[in-house]
Amino acid sequence: MRQFLVFVQKEFYHIFRDRWTTLILLVLPIVMIILFGFGITTEIRNTKFAVYDPSRDIATQGIVNKLETSEYFSLDRYVTSPNEIEPLFRDGEIGFVVVLGENFYENLLHTGNAKIQLIADGTDPNTASTLTSYATILLSSYQQELTGTAGGTIPYQIKTEVRLLYNPSLKSAYNIVPGIMGMILMLICALMTSVSIAREKELGTMELLLVSPMKPILIILSKLVPYFTISIINYITILLLSVFVLKVPIAGSLVLLSALSLLFIFVSLSIGILISSLVEKQIVALLISGMILMMPAVFLSGLMFPIESMPVVLQWISHILPVKWFIIAVRNVMIKGLGFSSIIREVLILTGMAAVIITLSLKKFKYRLE
Amino acid sequence: MKTALWNSPTDRYMNVITVENLTKKFGSFTAVDNISFEVGKGEIFGFLGANGAGKTTAMRMLCGLLKPTSGKGIVAGYDIRSESENVKASIGYMSQKFALYEDLKVWENIRLYAGIYGVPEKDIAPKTDELLKELGFEGEKETLVKSLPLGWRQKLAFSVSIFHEPKVVFLDEPTGGVDPVTRRQFWEMIYKASDKGITVFVTTHYMDEAEYCNRVSIMVDGRIDALDSPANLKKEFNATSMDEVFRKLARKSKNNEL
Amino acid sequence: MTLSGSNIKAVVCTDVCKSYEKVPALRNISFTVEQGEIFGVIGPDGAGKSTLFRVLTTLLLADSGTASVEGMNVVKGYKEIRKNVGYMPGRFSLYQDLTVEENLKIFATLFHTTIEENYYLIKDIYSQIEPFKTRRAGALSGGMKQKLALSCALIHKPSILFLDEPTTGIDPVSRKELWEMLRKLKSQGITIVVSTPYMDEASLCDRIALIRDGEFMKIDTPKGIISGFRKELWAVRGSNMSALIGHLREVDGVVTCFAFGDNHHITVDNTILTKEILRSRLEEKGHNEIIIEKIEAGIEDCFMELANR
């Protein structure tokens, strides 16, 4: 046991003796969450929009006012012909166009056939879909006002198809927090563990450790303790930052969320061990963790882009990434406030992955040199 | 005949290295402490010293890699402080730790260094063949360097370091770990280079190799405590071998184990 | 307790072969090391020294042949062997970012002991670096690093030490000190198997094996190896040493000629060449101040002679 403790202490020395390692491990999560939460936000404010309104009646005025007074849109100009719209987009002068039908108010009142078209720049699908969602919500709220003032006499309404669940104020931080959490835990656990074991191999110290009575499993475990500890610190940091700075509340059970994170930390650590048992050099460990784990984790886990809009093959690949399941489960618990029953599938998958990876890496671990 | 000349250091016709009061300090630590010496054309100059005596620092200054804190140095006619780029172009360098790219073929390494040192394009191919022939490596042109035995690699590395016919070549422990036969072949190559007029500045931990040098300097605590021909040094220190001379000198070091 | 009193050989190695991807690193290595002996494995880099050490320290499996250390088989008994051997790998393999003391503590703990418990064993060596015990290992000089590494290899009181090139890259003074330490350890009953590329260190061993291309060319005491050199060996000196080499090789009766410090060593066929003939030949080529002496061979002469066969 004393052997083990001295080794854990040694690992902590390695981490805190190198300023950069310390800095990256403790400050990176904070920087990332603030950067993603505030800076690289997918939230959109004051998008300039143009209106084509041949009717110019009460209802169209109301709709334009509704958009204009929201924090998301600001009216740039009216256009007199639909032909003017495309050049405006092309020159990047506006980001959004509302096209209203003729005799809008008349149609709304009598035929229920009031036409409204929302046009956004599809080259940036994320922004486009966000903008149309915002506009749709604003439209429907205008309708409600209209219904209210008219005393419930208007029989027909513009139906809005998009419903935004769980994130009514459309805050992007809600999406970001689970993703960042997954990324950071993966980074610290898998990458740092694999690099630190590979380092012992590269420096030749592994040779000395092997020629000693210390059990290889203890060597490995002593590597895990520091990164496990740091992951937990990071987990707490991320939660505190998201609740108090990004104002993303924990809707579900904190205990469940923590248990889930521990499971994920365990999976990531075992991936780290697996990588290190396969490679001999730090740089290779770094590249494997970085390229094969982190890059797909960022792109395929739904952190940045919705998985649904990716090619099927990539969607399939995303299934084998633990981080994807973790993010889904965190969203369910933290954002949607759902209980354990909602994440049984994810928990089972993660547990299975941990079992397979641990078995594999213990089998691969060598107690001799090649 | 030339070799004999260097036994009397005053009788030289040209200095390739001139160092006056050269000093290098790192913070409060003086790595090289006011050293002065001269090395002549074609001379084989042994640069000895214990680990940490300041050899590497001094050598780096002479190669134009480090700026001296004070003092003056002229290498191949250029000031090491203000003309370090010219210095680098006129010298060759080879160290035991890094010599050649192991994942490149023999000819690719030669081609690379020839390119770096600006050997005219048309000269490269014939000179490569000539070099390989001299080494007896004609069959190894396409071999990856890492599959050559260590001794061969070191011989090749030396040939590459003088491929551009520098005025002076710096060798940092060139023969460490090399087998005895190859080690001697290596020194014969050094002799040949010296006969061609190339000055050879060499560090080594093999004290018997110090005997091959025309003159030897021994650094202790950043200073040059002895500088003469091996024969004279042995006489002066009343020793039978250079090993003994070295140990007698190094014992005087105050921070001998730092 | 150590096994030094028993009859068990410290090392028994029989027909050990090891190849890396078909390139043979060890070919039929057989030898024994007695208890309390300093056994030197001497040869250039790439001769197979490190591979042999790794096989003996249970880090590598041999392709064929058997080996045992302190009577325990390196394959079946690897756990026991690992408790009893001290090993110092060829390159400096301590934690550079930890201090001298922390390194030592880790290695003591690794073997379930403490610095205090076995301090007496490393005292001579460690006391020299103890003033710098709070310094990081990476900031030590070559000689000091080796002393620390040796302390770490010794801290668990091994009955046998495997030192892979402990003197490579360190200066002659530190080398001499290290060998003095090894002599002291030997006097405490510890068996030492040591490798080195420096031929001049051979005389400091009780017995040596000359290794080249994965093969032991000869195993004997240093004296035995030297007395096995039966060629006529002369040392030749002149005013122009560089030209002398080539000219010596042109003389009939000169078999080999190598530069040896301030002399050239030549082996000669003394049925056709005498010193007088050689002297006149060299004078014809314009050499002067010629000195020719018959000398006794050194280990290096023997190594080259054996390698030439």
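**Exercise 1. The A–C contact**

Work out how many residues chain A and chain C each put into their contact, and describe the chain A side.

*Solution.* Start with the head count: 21 residues come from chain A and 24 residues from chain C. Keep in mind that you're looking at a predicted model.

Next, ask which elements of chain A do the touching. Two of them, α1 (2-17) and α8 (205-210), give two or more residues to the side that faces chain C. Of these, α1(A) provides the largest share, with seven residues.

Last, sort that side of chain A by class: you get ten nonpolar, five polar and six charged residues.

**Exercise 2. Who touches whom?**

Find the pair of chains with the most contacts, then check what goes on between chain A and chain B.

*Solution.* Two pairs of chains touch, and the pair B and C has the most contacts. Now try chain A against chain B: no contact joins them, and their closest C-alpha atoms are 16 Å apart. For a sense of that gap, a contact here needs C-beta atoms within 7 Å.

**Exercise 3. A quick profile of chain A**

Put together the helix and strand counts of chain A, its buried share and the reach of its contacts.

*Solution.* Count the elements and you find 14 helices and four strands. Then look at burial: chain A has 370 residues, and 36% of them count as buried. For the reach, take the contacts in chain A with a separation of 6 or more; 77% of those are between residues 24 or more positions apart.

**Exercise 4. The sheet of chain A**

Lay out the strand order of the open sheet in chain A and say why β2 and β4 each have a side without a neighbour.

*Solution.* Write down the order: β2-β1-β3-β4, four strands with mixed pairing. The strands at the edges are β2 (73-79) and β4 (116-120), and each has a single partner strand, so one side of each has no neighbour in the sheet. Going from one strand to the next, the twist averages 25°.

Now zoom in on one pair. Strands β1 (residues 47-52) and β3 (residues 96-100) of chain A run parallel and are joined by four bridges. Within that pair, Phe49(A) has Phe96(A) of β3(A) as its bridge partner.

Then add the helix. Helix α3 (residues 58-69) of chain A packs on this sheet, where it touches β1, β2 and β3. Its direction makes about 140° with that of β2(A).

**Exercise 5. The sheet of chain B**

Do the same for the open sheet of six strands in chain B, and find the helices lying across it.

*Solution.* The order reads β6-β7-β8-β3-β9-β10, again with mixed pairing. Here β6 (91-95) and β10 (223-228) stand at the edges; each has a single partner strand, so one side of each is left open in the sheet. With direction ignored, neighbouring strands are turned by 15° against each other on average.

In the parallel pair β3 (residues 44-49) and β8 (residues 199-203) of chain B, there are three bridges. Ile44(B) sits opposite Val200(B) of β8(B).

Two helices remain to be placed. Helix α7 (residues 180-195) of chain B lies across β3, β7 (168-172) and β8, at about 145° to β8(B). Helix α10 (residues 242-250) of chain B lies across β3, β9 (215-220) and β10, at about 30° to β9(B).

**Exercise 6. The nonpolar cores**

Which residues touch the most other members of the largest nonpolar core, and which helix gives the largest share of this core?

*Solution.* This core holds 169 residues, and Val200(B) and Phe201(B) touch the most other members. The largest share, seven residues, comes from helix α5 (residues 142-154) of chain C. Apart from this core lies another, of 62 residues, including Ala198(A) and Ile271(A).

Then list the partners of Phe201(B). Leaving out residues up to four places away in sequence, Phe201(B) touches Ile17(B), Val39(B), Phe45(B), Phe47(B), Val168(B), Phe170(B) and Leu171(B).

**Exercise 7. Two domains in chain C**

Describe how domain 1 and domain 2 of chain C meet.

*Solution.* First fix the bounds: the domain assignment gives domain 1 (11-226) and domain 2 (229-308). Their centres, taken over C-alpha atoms, are 37 Å apart. Nine residues of domain 1 are in contact with nine residues of domain 2.

On the domain 1 side, β9 (207-212), β10 (215-220) and α7 (222-227) of chain C each supply at least two residues. The largest share, three residues, is from α7(C). By class, this side has seven nonpolar, no polar and two charged residues.

How values were computed. Residues are numbered from 1 along each chain as its sequence is written. Chains are lettered from A and ligands numbered from 1 in the order in which they are written. This is a predicted model: local features need pLDDT of at least 70, side-chain atom pairs count only at pLDDT 80 or more; totals for chains, interfaces and linings use all residues. Ala, Val, Leu, Ile, Met, Phe, Trp, Tyr, Cys and Pro count as nonpolar, Asp, Glu, Lys and Arg as charged, and the others, Gly among them, as polar. A nonpolar core is a set of buried Ala, Val, Leu, Ile, Met, Phe, Trp, Tyr and Cys residues joined through C-beta atoms within 7 Å. A residue is buried if 20 or more other C-beta atoms lie within 10 Å of its own, exposed if 12 or fewer, and partly exposed in between; C-beta atoms are placed from the backbone. Domain bounds come from an automatic or database domain assignment. Two strands pair if DSSP finds at least two bridges between them. Axes are lines fitted to C-alpha atoms, for helices over the stretch in contact, and angles run from 0 to 180 degrees between N-to-C directions.
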